[in-house]
Structures are given as structure tokens and as C-alpha cells.
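Subject: Structure for you to look at

Hello,

Here is the structure I promised to hand over. Please open it first, then read my notes below.

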Number of protein chains: 2
Amino acid sequence: MGKRDTEAAGTESPVQFSVDRNSPVPLYFQLSQQLEAAIENGRLAPGSLLGNEIDLAGRLGLSRPTVRQAIQSLVDKGLLVRRRGIGTQVVHSQVKRPLELSSLYDDLEAAGQKPATRVLLNTTTEANAEVAAALGIAEGAEVALVERLRLTHGEPVAHLRNHLPAGLLRLETADLEETGLYRLMRSAGITLHSARQAVGARAATAEEAERLDEAEGAPLLTMQRTTFDDTGRPVEFGSHVYRASRYAFEFQLLVRP
Amino acid sequence: MGKRDTEAAGTESPVQFSVDRNSPVPLYFQLSQQLEAAIENGRLAPGSLLGNEIDLAGRLGLSRPTVRQAIQSLVDKGLLVRRRGIGTQVVHSQVKRPLELSSLYDDLEAAGQKPATRVLLNTTTEANAEVAAALGIAEGAEVALVERLRLTHGEPVAHLRNHLPAGLLRLETADLEETGLYRLMRSAGITLHSARQAVGARAATAEEAERLDEAEGAPLLTMQRTTFDDTGRPVEFGSHVYRASRYAFEFQLLVRP
DNA sequence: GAGGTCACAATGTCCGGACAAGGGGGGTTG
DNA sequence: CAACCCCCCTTGTCCGGACATTGTGACCTC
């Protein structure tokens, strides 16, 4: 009886947003960024309702499709959940970042470690059967070969062996010592699109043990990865070995609905 | 001069689609499924153009937004690539399935292996610090504990230890021997939404070696995973050990644009 | 009081249109 | 002949509206 009809239902959100129509950045993107920031810093509490799309659109002077596009992008990121008949609510946190095509260099840097790289080899060679199959080229064809040792605090973490199609990109040893391979590829105009990975484990050979400062037979984490650009062309085949005592893969993933 | 204006530009696709407006399944979904099937079986060749959205909409009697929604869902899956000013192309194959929240049981079954499960333990216990932190509950609180040995062809592949919040779900040993844990959770109405995983490696302890029929010190692949439902509530914490000689994680992933 | 029924609220789907932005090709111009 | 410019094609963004579908809660009935 004494209830006002506009009274919010408890977990409603009073956060205000605004968009700039003169900005060249799309309206839906402006909104999604503001929403994401509000979720990130807790102004939009986990579990709280977002308020219905119609009102939100009205308050911002946007159309519903635009608002929906903004919300959808965050649903895709796993930050929001839509429930028909209920509303859109903020996921109960714990979600950080979904799995990306992780660069070891970026991973280490993000973890606060200061990664260093020692280039062991930067040359060309003939593709063996495995490399040829991964890169979709003929066996014996010329490919670029890079072998690197990745270190943090002066300690080796991983041995990285990468094969790239010939002529794709000019790799300077100096650049490789400075940053990660993916960054170099991206700045060369290559758009990384997808990758196929296999992660396993095996015991260290004598040579690997020597290189990584481990005992022979110590458990190592292995990863093989073929990366494709947006045309589906293989642009890189990596065969990496990590010291299990110093590195593990961590990632978040979403369930495809 | 002698060119007809409707002449396709070489790599155009002549594939026909159709939608049923009386079906309850959404129009955009009908179209995206047909597109996906056409890509899967090669009728839409890798690299070929899809034809512009306007025409496609016109031919199907749909609006452009609906067609775009269908196409977008396949772009999200990594099957298509859009280029402004050019058109939408089929990715040059190699893409199979992006990473899903993989169930070992489903993985093995999909690989043609016939997985079997031996339940070693199905009880409740008090959460230790690690489990409590993962499930977001108090240390010492009661949790369900399941330990299973997963086998193929009579050979052990992995030892699986799972902790679940008390009262979430009634786990019958008989069911656990028949199928995977995730299937049981899903059929209990729990919607799995996201997971946080860590994959590493270590040497087998004497007990693990015994259980998995490996030598002591053999390299093992380890995974720890906390799974969340769509409200962000932790619903499962798994601590698994795989025989590196018989199993590796394989997955495809997309680069977030 | 327990049950079902109905209205409401919210997202899901779909339409038709409009203009902007980027890429490519062809024509024009030097 | 080459460089530049302009036009056209395609996707990107955005709008306003319409109806369907699905949870929820209140109301009514038994």
C-alpha cells in the first residue's frame, strides 16, 4: 500500500553513467567501459541488479539496442549474467581475466617479475616433418628458427623454441632480447587470431636439465602451440619447456552457453 | 565492359540457405547453424566471401540485424572474420573447437576411448585451508569429498580429487562410476559458468606412483580447478593428477580482439 | 492455508531504416 | 606511365518500435 512504484527492489544500483556523443569512440563501447570500471572497483556490487535496459537507455539518451550491445559485450566477458524475467546482474566476482593467447613474457611481466631473454639461436633451417605439418608447408622448406632462454631474477624459467614461416617477419636478436615474440609479430602488422595448444609434462633430458639448471629426470611442463592469423594461416609454431618448479599455467575460462 | 553486374567476384559463395518462420528456434540461430554446417562440411570454402549482409538478408527474407546476429555468433566462435569494406570470409580452417570447460570424461569419450571410473572415496570431511579458500567457506566447515581413479582400457589415466560445498548435490557412487562429475552437476540443475585453472607438473610421490601404476618420481601433470556457477558461487574445487605418459591437455583458443 | 491463475516486469527476438568509416578499384590528371 | 583522387562497396554504429517468452509475485479461489 504505502509503496511508491519507483522504489527500487533492494539490490538496485544507483550508479550514474554518461556518454559523449562527440567522441569518436562508439557509444556502446563507452558504456561498456564505464560498466566494467564500475564493476571492477566495486561501485556495482556483485549480485546487484543493473536496472532494466529500457530505463537505462532512457536515462542515457540511448536506444535499447545500443545499451544491449554494451551489456552483451560484458556478458561475453563473463562479468554479467542476464536472466529473462529477472534482469541483468553482476557476477559474484572471482572472475578476473578469461584465457587469452598468453605470452610468457607478458605473463611474467604482469606477475611483477622482470623477465629477461637470452637468445640462443636466431637463424633459418629446413622444416622437419613435425614443423612442416604444424606450419602447413613442405618438409625441407626453409623456416626461421629462434631458440631463447627466458629468465627471471637471473634464474632460467623456460626454454622456448619457435619456428616461423620464411619471410614472414624479420627478427632481430636485439629486439628478441628486449621483448616478447608476440609483441614483435603484432607490431609487424600480424594479427594473431587463434592458436592450437597442447600442454603436457615429461622428465628432463640431460641437455634440458643442463640448460634449465635442473636435475636430470626432473619434471618439466611442456607446451606446443601453433598460432594462426586472421586468415587462418599458421604464423608460428612453438615448442616450449618450462621448469615445473618455477612456473605453472594459470587461466580463467568461460563455459560456452 | 562485357561484365554482368551481378557476376560474382571469383570466390563468391553460391550456397543457399533457408529459414522456417514457424519454428520456435530463433531465426538468427537457424541461419548460424546452417552457416556453421556449410563451413564444417566444406560447402563454404575456407577464404571464400560470404556475400554482403544486405543481399543475404534480402534473399532469406530477413532483416540485416538478424543476419548480422547470426554472422556475429560465428565470428565469436572464430569461424568467420569480418573486414570492413571487404566482406565476411570463412577462416582458413584449422579451427576446430575453442577451449571449453573440459570434462576429462567427455574428453576421453570424444577421443574414442571408453572411460571408466573407480570411486575410491565418496564422503564428507572438514575443509582444510586450501579447500576453504578455494570454495570461499570457513576452514573446518563440512564439504563433500570425492576421489576417483579414471581409467581407459583398464589402465589408470588420472587421479581426481574433488571437494564440493556441503548440501549442494547428492552424489551417488553408482552415478559417479557411470558418468562424469560435471554431467551430474548439470543434471542437478547447476549451471556451470566459469572456472579458474592452474596447470603444472611435478614428480610422482610413492603413493601416487602406486595408484597410477607409474614409477616413483615419474613426471605427472597436475591441474587445480575451481568452478563457479552463474552467480559466481564456487561449486567445485578439483585437484587432479594425470599420467603425463598417457594424457595431455589439448585445446584451441581465440585471441580476444 | 494451500493451490492455481493472472498480471507485471524484464530480457529475447525481429524489423526497417539511416548514416559513418574504411578499403579497393578505376578514372583522371600530371 | 605513374600518382592521385573520387566513387562505390561493405561492414560498423545507431535509432525507434513491435511482439514473444519467461520468471515473479500478488490475487483469487477452494
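A polar contact here is a pair of N or O atoms within 3.5 Å. B:R84 meets that cut-off: an N or O atom in its side chain is 3.4 Å from a sugar or linking oxygen of DNA strand D. Keep in mind throughout that this is a predicted model.

**DNA strand D**

Let me stay with this strand. A:R84 also reaches a sugar or linking oxygen of DNA strand D, with an N or O atom of its side chain 3.2 Å away. A:L27 uses its backbone instead. A polar backbone atom of A:L27 is 2.3 Å from a phosphate oxygen of DNA strand D.

Which elements give two or more residues to the surface near DNA strand D? Chain A offers α1 (27-40) and α3. Chain B offers α3, β1 and β2 (87-90). The most comes from α3(A), with four residues.

In total, 26 residues surround DNA strand D. The closest are A:R21, A:L27, A:T66, B:R64 and B:R82. Of the strand's atoms that come within 4 Å of the protein, sugar and phosphate account for 76%. The surface near DNA strand D divides into seven nonpolar, ten polar and nine charged residues.

**DNA strand C**

Now the other strand I looked at. DNA strand C is surrounded by 26 residues. A:R64, A:R82, B:R21, B:L27 and B:T66 are the closest. Sugar or phosphate holds 78% of the strand's atoms within 4 Å of the protein, and the rest belong to bases.

Three contacts are worth finding on screen:

- A:R64 goes to a base. An N or O atom of its side chain is 2.8 Å from a base oxygen of DNA strand C.
- A:R68 goes to a phosphate. Its side chain has an N or O atom 2.9 Å from a phosphate oxygen of DNA strand C.
- B:L27 also goes to a phosphate, but through its backbone. The N or O atom there lies 2.4 Å from a phosphate oxygen of DNA strand C.

On the chain A side, α3 (64-77), β1 (80-83) and β2 (87-90) each give two or more residues to the surface near DNA strand C. On the chain B side, α1 (27-40) and α3 do so. The largest share is four residues, from α3(B). By type, this surface has seven nonpolar, ten polar and nine charged residues.

**Where the two protein chains meet**

Next, the contact between chain B and chain A. Here 45 residues of chain B touch 44 residues of chain A. About 4100 Å² is buried between the two chains, with 56% given by carbon and sulfur atoms. In chain B, the residues that lose the most area to chain A are B:F251, B:L253 and B:R256. Together they make up 15% of what that side buries.

Ten residue pairs are in polar contact between the chains. Five elements of chain B each supply at least two residues to the side that touches chain A: α3 (64-77), β1 (80-83), β6 (192-203), β7 (219-229) and β9 (249-254). β6(B) gives the most, with twelve residues. That side of chain B divides into 23 nonpolar, eleven polar and eleven charged residues.

**Strands across the chains**

How does strand β9 of chain A run relative to β6(B), parallel or antiparallel? They run antiparallel, joined by six bridges. A:L254 has B:S194 as its bridge partner in β6(B). A:E250 has B:A198.

B:S194 has a partner within its own chain as well: B:F228, in β7(B). β6(B) and β7(B) pair in the antiparallel sense, over eleven bridges.

**Salt bridges**

Side chains of opposite charge can pair when their charged atoms come close. The structure holds 28 salt bridges over all chains. How many lie between chain B and chain A? The count there is four.

Look at B:D230 and A:R83. They form a salt bridge, with the closest N and O atoms 3.3 Å apart. B:D230 lies in the loop between β7 and β8 (234-243) of chain B, and A:R83 in strand β1 of chain A, so the pair joins two chains.

B:R196 and A:E250 form a salt bridge too, at 3.6 Å from N to O. You have met A:E250 already, as the bridge partner of B:A198 in β6(B).

Best wishes

Definitions and conventions: Residues numbered from 1 in each chain as written. Chains lettered and ligands numbered in written order. Predicted model: local features only at pLDDT ≥ 70, side-chain atom pairs only at ≥ 80, totals over all residues. Heavy atoms only, no water. Contact = heavy atoms within 4.5 Å. Buried area = accessible area lost by both parts, 1.4 Å probe. Salt bridge = Lys/Arg side-chain N within 4 Å of Asp/Glu carboxyl O. Polar contact = N/O pair within 3.5 Å; in protein donor to acceptor, adjacent residues only side chain to side chain. Nonpolar A, V, L, I, M, F, W, Y, C, P; charged D, E, K, R; others polar. Pairing = 2+ DSSP bridges. Near = heavy atom within 4 Å.
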